[in-house]
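Please open the model in your viewer with the sequence panel beside it, and keep a cartoon view ready for the elements and a stick view for the side chains. The tour goes from one selection to the next.

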Amino acid sequence: LFNATGKANVYVVSQKKSPILLINSLFILPHFTFSEIDSLHIAADVIVIPNITAHLMAPPDSAAVGWIKRNYTGTNIILSVCDGSATAAATGIYDGRLLTTHATDYAKLKKRFPKAHWVKDVSVTESGNLFSTAGVSNAVEGSLAVIKKLFGEQTMQAVLADINYPHKDIKLNHKSDVVGAGTIAKIVSKKLFRKNLKIGVLLSDSVNELELASVLDTYVRTFPKSINTVSINGKNILSKYGLTMCATADFRQDQIDELHVLVPGNSKQPALTNVFIINYSETKKQYPINVCLDRIAVLYGNNFKNCVKLTLDYN
C-alpha cells in the first residue's frame with residue numbers, strides 16, 4: 001500500500017504475521033495482517049496484487065480476495081501484477097474492465113474468469129483506477145503508470161531516469177509470446193547438460209528493491225542449482241523503502257559459485273574464494289534486468305537468454 005501524501009509508505013500485508021517466502025530465495029516479513037491494518041484504519045491509496053496463487057487452477061486465497069473487496073473504495077488504485085490477475089479477477093472488481101496477465105497463462109485465466117475484459121499484446125492496462133500488467137517484468141510499466149496517475153508526468157520521468165529504464169516513455173506495446181514446447185526443451189537441455197550454478201545475492205541495508213527483484217526473478221528462470229539470498233552474520237536488513245528481509249542461506253554453510261553485490265561500496269562484503277562476484281556499482285547506468293540478461297547470455301548463450309526473456313514475459 002502507498003500513502004500518496006509526500007513520500008510513499010510501503011506496507012506488506014498478508015493473512016498471517018509470518019515470513020513470506022518469495023521465489024524460494026528471500027523471506028520478507030509482513031508489516032501487518034489483514035485484521036491489524038483494518039483495526040488501524042489505514043486506508044490504501046494503492047493496493048498492489050502480486051501472484052499469490054500456489055497453482056492457477058486452485059481458488060485464489062479467499063482472505064486476500066475478501067480484504068481487497070473491503071478495501072477498494074472506487075477512488076483508490078489497484079495494480080494487478082502478472083498472475084495476480086487471478087486474485088484480481090476473483091474479486092469481481094475487474095468485471096467488464098481491462099485485465100491482462102502473463103502471456104503463457106492468458107488463455108487459462110480468460111476461460112476461468114470470463115467476466116473480466118481480457119486483453120493481450122499490451123504491457124499494462126488502465127481502466128479508470130484499475131491497472132494490470134503482463135508477466136512479472138512488466139510490473140515496472142505498471143508501477144510507472146500508477147506513479148504517473150498519482151504524481152504526474154514529471155515525477156514519472158524522474159523515476160524512469162532513476163531506474164535507467166531503457167525507453168523514453170512507458171513502453172505499452174507488448175508481444176504476448178507464450179512459453180512453448182521449444183522453450184521448455186531448451187530449458188530442460190540446459191538443466192541436464194550445462195553447468196548449473198549456485199547463485200547468491202548479498203542482502204544489505206538500503207538495497208534497491210528493483211535491482212533485487214530483477215536479479216532474483218531473472219536468475220531463478222535459469223533454473224540454477226540453487227539461488228539464495230545471503231546476509232552478513234545472518235542479520236535481517238531493511239530495503240530502500242523499509243521492507244524487512246531475511247536471507248535463505250548462510251555464508252558459512254552454503255557454497256556459492258556466483259555472488260551478486262547490489263549495494264555499492266559494501267565494506268562488509270565477505271572474503272570468498274573461487275566465487276565470481278558481480279558488483280552492481282559498476283553497472284549503475286544500466287537497466288538491472290538487462291544487466292542480468294547480458295550475464296546469462298555470457299554463461300549460456302543468446303538462445304537461452306531468449307528463453308529466460310520469454311518466462312519473464314520481457315520484450
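Which residue stands opposite L130 of strand 10? Select strand 10 (residues 130–133) to begin, bearing in mind that this is a predicted model, and you will find that I78 is the residue opposite L130. Add strand 6 (77–80) to the selection; strand 6 and strand 10 pair in the parallel sense, over 3 bridges.

Now bring in strand 9 (residues 124–127), which runs antiparallel to strand 10 and is joined to it by 4 bridges. Within that pairing, T125 has S132 of strand 10 as its bridge partner. The hairpin of strand 9 and strand 10 has 2 residues between the strands, and in it G128 takes a positive phi near 65 degrees. Turn next to the side chains of strand 10, where both faces are covered: L130 and S132 are buried on one side, and F131 and T133 are buried on the other.

From the strand, follow the chain into the loop between strand 10 and helix 5, and select N138 there. Is N138 buried or exposed? With a relative accessible area of 4%, N138 counts as buried, because that value is under the cut-off of 20%. If you leave aside its neighbours within four places in sequence and show what remains in contact with N138, the residues are S123, T133, H174 and D313.

Move now to the helices, selecting helix 8 (residues 209–219) together with helix 9 (residues 288–300), whose axes come within 8 Å and cross at roughly 35 degrees. On the helix 8 side the contact is made by L210, E211, S214, V215, T218 and Y219, and on the helix 9 side by P288, I289, C292, L293, R295 and I296. Coloured by class, this contact of helix 8 with helix 9 shows 8 nonpolar, 2 polar and 2 charged residues. The crossing of helix 8 past helix 9 is right-handed.

Keep helix 9 and exchange helix 8 for helix 10 (residues 302–312): helix 9 and helix 10 pack at an angle of about 140 degrees, with their axes 7 Å apart, and their crossing is right-handed. Helix 9 contributes I289, L293, D294, I296, A297 and Y300 to this contact, while helix 10 contributes N302, F304, K305, V308, K309 and L312. By class, the contact of helix 9 with helix 10 has 8 nonpolar, 1 polar and 3 charged residues.

Which residues touch the most other members of the largest nonpolar core? Select L212 and Y219, which hold that place among its 54 residues. Elements that each supply at least two residues of this core include strand 3, strand 6, strand 11 (198–203), helix 8, helix 9 and helix 10. Centre the view on L212, which, once its neighbours within four places in sequence are left aside, is in contact with L26, V201, L203, V207, M245 and L262. Apart from this core lies another, of 24 residues, and F32, I37, L56 and L109 are among them.

For the last stop, select the open sheet of 4 strands, whose order is 2-3-14-13 and whose pairing is antiparallel. Its edges are strand 2 (20–22) and strand 13 (237–238), each of which pairs on one side only. Strand 2 is joined by 3 bridges to strand 3 (residues 26–29), where I28 is the bridge partner of I20.

Terms used
Residues are numbered from 1 along each chain as its sequence is written. This is a predicted model: local features need pLDDT of at least 70, side-chain atom pairs count only at pLDDT 80 or more; totals for chains, interfaces and linings use all residues. Side-chain values use heavy atoms; hydrogens and water are left out. Axes are lines fitted to C-alpha atoms, for helices over the stretch in contact, and angles run from 0 to 180 degrees between N-to-C directions. A crossing is left-handed if the near helix is turned anticlockwise from the far one by less than a right angle, and right-handed if clockwise. Contact means heavy atoms within 4.5 Å. Ala, Val, Leu, Ile, Met, Phe, Trp, Tyr, Cys and Pro count as nonpolar, Asp, Glu, Lys and Arg as charged, and the others, Gly among them, as polar. Two strands pair if DSSP finds at least two bridges between them. A nonpolar core is a set of buried Ala, Val, Leu, Ile, Met, Phe, Trp, Tyr and Cys residues joined through side-chain atoms within 4.5 Å. Buried means under 20% relative accessible area, exposed over 50%, partly exposed in between (1.4 Å probe, protein chains only).
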